[in-house]
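User: I am new to reading protein structures, and I would like to look closely at a single part before I face the whole. Could you pick one hairpin, walk me through it, and then show me how to read the rest with the same kind of care?

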Amino acid sequence: MTVIIDYGVGNLFSLSSSFKAIGEDIVVSRDEEVIRKADRLVLPGVGAFGNAVKKLKESGLTEVIIEETVKGKPLLGICLGMQLLFEKSFEHGENEGLGLIKGEIRPIKKAIPQNYQVPHMGWNGLIFAEGKEKSPLFEGIEDGEQVYFVHSFAGFGCKDSLLAEAEYGVNITAAVGNKNIFGVQFHPEKSGKTGLKILGNFCRL
């Protein structure tokens with residue numbers, strides 16, 4: 001059973017529909033006991049980092065998420081959910097994240113060419129990290145396969161955890177991983193067959 005953590009931030013319907021489309025037993029919940037019984041966890045998120053991390057703390061689920069991942073339970077953060085895995089974010093001030101991935105969330109505007117629009121919105125090909133064995137999250141996914149992004153901030157200083165990038169004037173972080181903890185900046189639920197394949201890979205971890 002896969003549990004999508006409901007802490008008041010995220011497009012839960014489309015995400016749960018994608019998991020159902022691949023035949024996964026999916027539950028949307030904020031119940032601590034349900035989360036502890038899950039085989040794997042998904043942390044979604046849309047909007048601003050500060051508001052999201054505030055709601056996550058208010059939900060009382062921060063410690064549960066950390067405890068379960070320390071035990072080895074697979075966790076997938078999606079879009080803002082991925083950003084919450086990092087140590088801190090500089091979106092509208094400085095806010096601490098869960099600290100499960102080393103690095104920081106910073107605006108892409110300062111990194112990309114001036115003629116590139118923010119937010120970064122649309123389809124981009126995945127570029128897998130050189131010199132690293134491809135993560136099981138991307139089994140069967142070829143270099144250059146397209147996924148869908150919508151974001152203005154991205155992960156920086158996460159070289160050790162980097163699994164994939166995407167080119168947007170410069171290479172930006174598309175996916176990270178640290179043992180059983182994974183994060184994708186793109187939306188697999190909006191990324192067609194490639195996105196569904198990635199979700200299916202996660203469900204086999």
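Analyst:
**A close look at one hairpin**

Let's begin with strand 5 (residues 86-89) and strand 7 (residues 101-107), which pair in the parallel sense over three bridges. Please keep in mind that what you see is a predicted model. Find K88 on strand 5, and you will see that K88 stands opposite E104 in strand 7.

Strand 5 also pairs with strand 6 (residues 95-96), and here the two run antiparallel, joined by two bridges. The bridge partner of K88 in strand 6 is E96. Together, strand 5 and strand 6 form a hairpin, with five residues between them. In the turn, look for H92, which has a positive phi of about 55°.

Now turn to side chains. Which residue does the side chain of K88 meet in a salt bridge? The partner is E94, at 3.0 Å from N to O. How open are the two ends of this salt bridge? E94 counts as exposed because its relative accessibility of 52% is over 50%. K88 counts as partly exposed, because its 24% falls between the limits of 20% and 50%. So K88 is a handy landmark: its bridge partners are E104 and E96, and its salt bridge is with E94.

You can use the same reading elsewhere. The count of salt bridges in the model comes to ten. Another of them joins the side chains of R30 and D6, with 3.6 Å from N to O. This pair links distant parts of the chain, 24 residues apart. R30 sits in the loop between strand 2 (26-29) and helix 2 (32-37), while D6 sits in the loop between strand 1 (2-5) and helix 1 (12-21). R30 is partly exposed, with a relative accessible area of 48%.

For a contrast, try R36 and E32, whose side chains meet in a salt bridge at 3.1 Å, N to O. Both lie in helix 2, four residues apart, which is about one turn of the helix. R36 has a relative accessible area of 26% and is partly exposed, and E32, at 34%, counts as partly exposed too. These two residues belong to a network of salt bridges that links E32, R36, E67, E68, K71 and K73.

Next, step over to the open sheet. It has nine strands with mixed pairing, in the order 2-1-3-4-13-12-11-8-9. Why do strand 2 and strand 9 (146-151) each have one side without a neighbour in the sheet? They stand at the edges, each with a single partner strand, so one side of each is left open in this way. From one strand to the next, the twist averages 30°. Helix 6 (residues 192-203) packs on the sheet and touches strand 1, strand 3 (40-43), strand 4 (75-78), strand 8 (120-128) and strand 9. The direction of helix 6 makes about 140° with that of strand 3.

Strand 3 deserves a pause. Strand 1 and strand 3 pair in the parallel sense over three bridges, and V3 stands opposite L41 in strand 3. Three bridges also join strand 3 to strand 4, which run parallel, and there L41 stands opposite L75. R40 and V42 point one way from strand 3, L41 and L43 point the other way, and all are buried. Further along the order, you can find an antiparallel pair: strand 11 (residues 162-168) and strand 12 (residues 170-178) share six bridges. E165 has T173 in strand 12 as its bridge partner.

Finally, let's look at empty space. The largest pocket holds about 150 Å³ of space. Of the 13 residues that line this pocket, G47, C79, V150, H151 and S152 are the closest to its centre. Helix 5 (80-84) and strand 9 are the elements that give two or more residues to the lining of the pocket. The structure also holds one cavity of 30 Å³ or more. The largest cavity has about 50 Å³ of space, and its lining residues include G10, N11, P44, I78 and H187.

Methods. Residues are numbered from 1 along each chain as its sequence is written. This is a predicted model: local features need pLDDT of at least 70, side-chain atom pairs count only at pLDDT 80 or more; totals for chains, interfaces and linings use all residues. Side-chain values use heavy atoms; hydrogens and water are left out. A salt bridge is a side-chain nitrogen of Lys or Arg within 4 Å of a carboxyl oxygen of Asp or Glu. Buried means under 20% relative accessible area, exposed over 50%, partly exposed in between (1.4 Å probe, protein chains only). Two strands pair if DSSP finds at least two bridges between them. Axes are lines fitted to C-alpha atoms, for helices over the stretch in contact, and angles run from 0 to 180 degrees between N-to-C directions. Contact means heavy atoms within 4.5 Å. On a 1 Å grid over the protein atoms alone, a cavity is a set of points where a 1.4 Å probe fits but cannot get out, and a pocket is an open set with protein on both sides within 12 Å along at least five of seven lines; lining residues have an atom within 4 Å of a point. Grid points are joined across faces, edges and corners, and a volume is the space filled by probe spheres set on the points.
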